[in-house]
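Open the model in a viewer and keep the sequence panel beside it. The stops below are given in the order in which to select them.

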Amino acid sequence: MYDDEDLAAIREGRESWADETLDPVLDRHGERRDRFATVSNHEIDRLYTPADVADLDYDEDLGFPGEEPYTRGVYPTMYRGRTWTMRQFAGFGTAEETNERFHYLIGEGQTGLSVAFDMPSLMGLDSDDPMSDGEVGREGVAVDTLRDMEILFDGIDLDEVSTSFTINPSAPVVYAMYLALADRQGVPREELRGTLQNDMLKEFIAQKEWVVPPEPSLSVVTDVIEFAVDQTPKFKPVSVSGYHIREAGSTAVQELAFTLADGFAYVEDCLDRGLDVDDFGPQLSFFFNSHNSIFEEVAKFRAGRRIYATLMDEWYGAETDAAKRLKFHTQTAGQSLTAQQPLTNVVRVTIQALAGVLGGSQSLHTNSFDEALALPSEEAVRVALRTQQIIAEESGAADTVDPMGGSFAIEALTNEVEAETMAYLEEIKEMGDGSVRDGVLTGITDGYFHREIGDAAYEYQERVDSGEEVVVGVNEYTVAEDTSPDLLRVDETTQSRQRERLATVKDERDDEAVADALDDLRETVEAGGNVMPPIVTAVKAYATMGEIMGVFEEHYGAYQETASLA
């Protein structure tokens, strides 16, 4: 972007500036600290100039929005065409209570739904299972059968809303319930829009929710992708999730690298299944965290798009633009929220949301200020949604495409994140003898990911404990008085009410139809066929979540993680 003569002059000018302007100020006043770094401990230079991006090629490294390598955005107009989808995560108690919250959010201007499930549903357990005791409806909505899904979306037309489902081991069952509900509403499956998280690899790496071992879990994810390509072309059957990797304590680079590795593992599994990358590639989506270090986050998103476009082409032979575009949802950083002085979280979330927008997110969830203490109250979730709306309508951040592009600091950071991420990807590929998928599976089994994330989390906590990393309200600027707001309380009768509904469904359903559907699923699993068609049949017969997931555990056995040693 600059010729050699220009760069030489800039370098010479920087040396003169340092000698004549900078050094006298440093001698008199110094700086606030000896070292400046991001939340991920990525050191930040005092000043960036064109010399820091001397090797940047505009056409190859940046290009224009909507064109390869998509560094500057996946669409040519980005938010000037339409804003990102504002998708607030919501779910608690029973389906009736969550349905009420959905209608409230839609009335407040939310443009997409996002369903949070309780722990039993996430783990494929029914509400009447002894293991569910005390957890029903506690951290999300309880969904046992299609009856719950019918209530959850009562009064909501599925052809008019995009819905995201944050669920993994039992994701195929929830997806089948949504399809069954669409069939009941008369909505063509090809018109359904939304996203199923369904990312089992990151579960074994970070979030730790699973039913069966990694390899059969991967196979079921591929079943869902294969089925969705044929049945629901506008619906994303997997959201490859770095969010939870970051929440477990990873750095920004680790988050990006491990997430892309998981995504490429799914690509390889689909290719081995005989699917065409240009058919399934457009239906892959991603999910990232946005943390406090705003420039590092913007660089992460931009580097991610560039890497993905390049490797989908070079490694997997993708030819269409749609298969090479990295499209992603962003959520602000839950682990950054503090229980102390929770209103300060409004500021943190605003910074993180702005980073997501400046980085080109396709949809966004903003955390509520009270989430370190409880499920979000209506007031808190409204403030979180208004944060997005103010950024969209008042800040000007959505008015130009890639507004950070061309900043010497941002471009230098983007290059650094890209290089460090590629080093991780090459290492994982080598662990799999040339296969990213096998490298990821090996890394899970050998504890590689656990060690990398654990080391990063430990180092961060050491910096917080020593005061090197300032967390406002926690290790600096603390107050003695209680600043807790009014919190949402889940009704104590939730569990009994949910169990009563489940018992009623079991009494009213056709037990023979349920048994036949489960037998069909069992035979499909044993034969290695695609499990989605029999799961859809089973949920339409009102088979329960636990009954369906029990078939998989019966065949593959439960997964037990082994200890990870350094």
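Which element gives the largest share of the lining of the largest cavity? Select H8, which supplies 3 residues of that lining. This is a predicted model, in which local features need pLDDT of at least 70, side-chain atom pairs count only at pLDDT 80 or more, and totals for chains, interfaces and linings use all residues. Residues are numbered from 1 along each chain as its sequence is written, and side-chain values use heavy atoms, with hydrogens and water left out. Helices (H or I, at least four residues) and strands (E, at least two) are DSSP runs numbered from the N terminus.

**The cavities**

Next, show the residues around the largest cavity: Asn 168, Pro 169, Pro 172, Asn 198, Met 200, Val 211, Val 212, Ser 217, Val 220, Val 221, Met 549 and Phe 552. H8 and H22 are the elements that give two or more residues to this lining. A cavity is a set of points, on a 1 Å grid over the protein atoms alone, where a 1.4 Å probe fits but cannot get out; lining residues have an atom within 4 Å of a point. The volume of the largest cavity is about 120 Å³, a volume being the space filled by probe spheres set on the points, with grid points joined across faces, edges and corners. Colour the lining by class and it shows 9 nonpolar, 3 polar and no charged residues. Here Ala, Val, Leu, Ile, Met, Phe, Trp, Tyr, Cys and Pro count as nonpolar, Asp, Glu, Lys and Arg as charged, and the others, Gly among them, as polar.

The structure has 3 cavities of 30 Å³ or more. Move on to the second largest, with about 80 Å³ of space. It is lined by 16 residues, of which Met 78, Tyr 79, Val 357, Val 401 and Asp 402 are the closest to its centre. Its lining divides into 8 nonpolar, 5 polar and 3 charged residues.

**The core**

Return to Phe 552 and display its contacts (heavy atoms within 4.5 Å). Leaving out residues up to four places away in sequence, Phe 552 touches Val 212, Val 220, Leu 521, Val 525, Val 531, Ile 535 and Gly 557. In the largest nonpolar core, which has 63 residues, Phe 552 is one of those that touch the most other members, with Phe 153, Phe 165 and Ile 548. Such a core is a set of buried Ala, Val, Leu, Ile, Met, Phe, Trp, Tyr and Cys residues joined through side-chain atoms within 4.5 Å. Select H6 (171–185) for the largest share of this core, 11 residues.

**Helix H3**

Now select residues 95–107, the 13 residues of H3. Its buried residues (under 20% relative accessible area; exposed is over 50%, partly exposed in between; 1.4 Å probe, protein chains only) include Phe 102, Tyr 104 and Leu 105. Among the elements covering them are E1 (85–90), E2 (112–116) and H15 (378–393). Just after H3, Gly 109 has a positive phi of about 105°.

**Backbone stops**

Go to Pro 69, in the loop between H2 and E1. Its peptide bond with Glu 68 is cis, with omega about 5°.

Then compare two residues other than glycine with positive phi. Lys 208, in the loop between H7 and H8, has phi near 70° and is partly exposed at 31% relative accessibility. Tyr 542 lies in the loop between H21 and H22. Its phi is near 70°, and Tyr 542 is buried at 15%.

Notes: The expected span of a helix is 1.5 Å times one less than its number of residues. On a 1 Å grid over the protein atoms alone, a cavity is a set of points where a 1.4 Å probe fits but cannot get out, and a pocket is an open set with protein on both sides within 12 Å along at least five of seven lines; lining residues have an atom within 4 Å of a point.
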